[in-house]
Amino acid sequence: MCRALAHLHGLRVTKVEETSESVTAAVVDGQGKELGRYTYTLAMARKAGLSGANWTNLPDRMMWARASKRVLDDFAPWVTTGVMSQEDVSDAFPDEPVPFDSDEVLECDVL
């Protein structure tokens, strides 16, 4: 989704380098000028506690997705403002939601 939004803004996200341990993405403007690069590694994923079937079976795709989003966040934030990945949501809201007791009466003044 973020790469599609970048396209709407006249930007391209390209894969600059890929190994079995990392993927580097670059964001390029309409004139071909590189605005910046970001590399996401398997070590970063492990440190963040990312795991599961997708990380096991498709690590290249997962690193590409993370590098793509991060390069846009860092070098073209107007593209991804308001777009949150699951990682972003977990960072922003680390606690479990507090259950609401439906029998509780809330009082407030209505203006």
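# A walk around the sheet and its helices

Start by selecting helix α4, residues 59-75. Helix α4 lies across β1, β2 and β3, and runs at about 140° to β3. A contact here means heavy atoms within 4.5 Å; axes are lines fitted to C-alpha atoms, for helices over the stretch in contact, with angles from 0 to 180 degrees between N-to-C directions.

Before going on, a word on what you are looking at. This is a predicted model, with residues numbered from 1 along each chain as its sequence is written, and local features need pLDDT of at least 70. Side-chain atom pairs count only at pLDDT 80 or more, while totals for chains, interfaces and linings use all residues; side-chain values use heavy atoms, leaving out hydrogens and water.

**The whole chain**

Zoom out and colour by secondary structure. You should find six helices and three strands, in the pattern α-β-β-β-α-α-α-α-α along the sequence. Helices (H or I, at least four residues) and strands (E, at least two) are DSSP runs, numbered from the N terminus. Of the 111 residues, 30% count as buried, where buried means under 20% relative accessible area, exposed means over 50% and partly exposed lies in between (1.4 Å probe, protein chains only). Among contacts in the chain with a separation of 6 or more, 43% are between residues 24 or more positions apart.

**The sheet**

Now select the three strands. They form an open sheet in the order β1-β2-β3, with antiparallel pairing; two strands pair if DSSP finds at least two bridges between them. Why do β1 (12-18) and β3 (34-41) each have one side without a neighbour in the sheet? Both stand at the edges with a single partner strand, so that side is left open. Neighbouring strands are turned by 25° against each other on average, direction ignored.

Step along the β1 side next. Six bridges join β1 to β2 (residues 22-28), and the hairpin between these two strands passes through three residues. Click on K15 and its bridge partner in β2, A25. E17 is partnered with T24, and E18 stands opposite V23.

Cross over to β3, which seven bridges join to β2. A25 turns up again here, with Y38 as its bridge partner in β3, while S22 has T41. The β2-β3 hairpin has five residues between the strands, and G32 in that hairpin takes a positive phi near 90°.

Stay on β2 and show its side chains. In a regular strand, side chains alternate between the two faces of the sheet. Which residues of β2 lie on each side? S22, T24, A26 and V28 are on one side, V23, A25 and V27 are on the other, and all of them are buried. Seven of the seven residues of β2 are buried, so the strand is largely enclosed by the rest of the structure.

**The core**

Select V13, Y40, V71 and L72: these have the most contacts inside the largest nonpolar core, which has 19 residues. A nonpolar core is a set of buried Ala, Val, Leu, Ile, Met, Phe, Trp, Tyr and Cys residues joined through side-chain atoms within 4.5 Å. At least two residues each come from α1 (2-8), β2, β3, α2 (42-47) and α4. The largest share, five residues, is from α4.

**Rings**

Keep Y40 selected and add W55. Both residues are buried, and their rings have centres 6.3 Å apart and planes at 40°, so the pair is tilted. Rings of Phe, Tyr and Trp (its six-membered ring) pair if their centres lie within 6.5 Å, with planes under 30 degrees apart called stacked, over 60 edge-to-face and the rest tilted. The count by this rule is one aromatic pair. Y40 sits in β3 and W55 in helix α3 (residues 53-57), 15 residues apart.

Then go back to K15 and bring up W64. The charged end of K15 sits over the ring of W64, 5.0 Å from its centre; the rule asks for NZ of Lys or CZ of Arg within 6 Å of the ring centre and within 35 degrees of the ring normal.

**Last stop: α1 and α5**

Finish with C2, in helix α1. C2 is buried, with a relative accessible area of 12%. Measure from its C-alpha to that of T80: the two are 78 residues apart along the chain but separated by 6.6 Å. P77 is in helix α5 (residues 77-80) and counts as partly exposed at 38% relative accessibility. The C-alpha atoms of P77 and A6 are separated by 10.0 Å, with their positions 71 residues apart along the chain.
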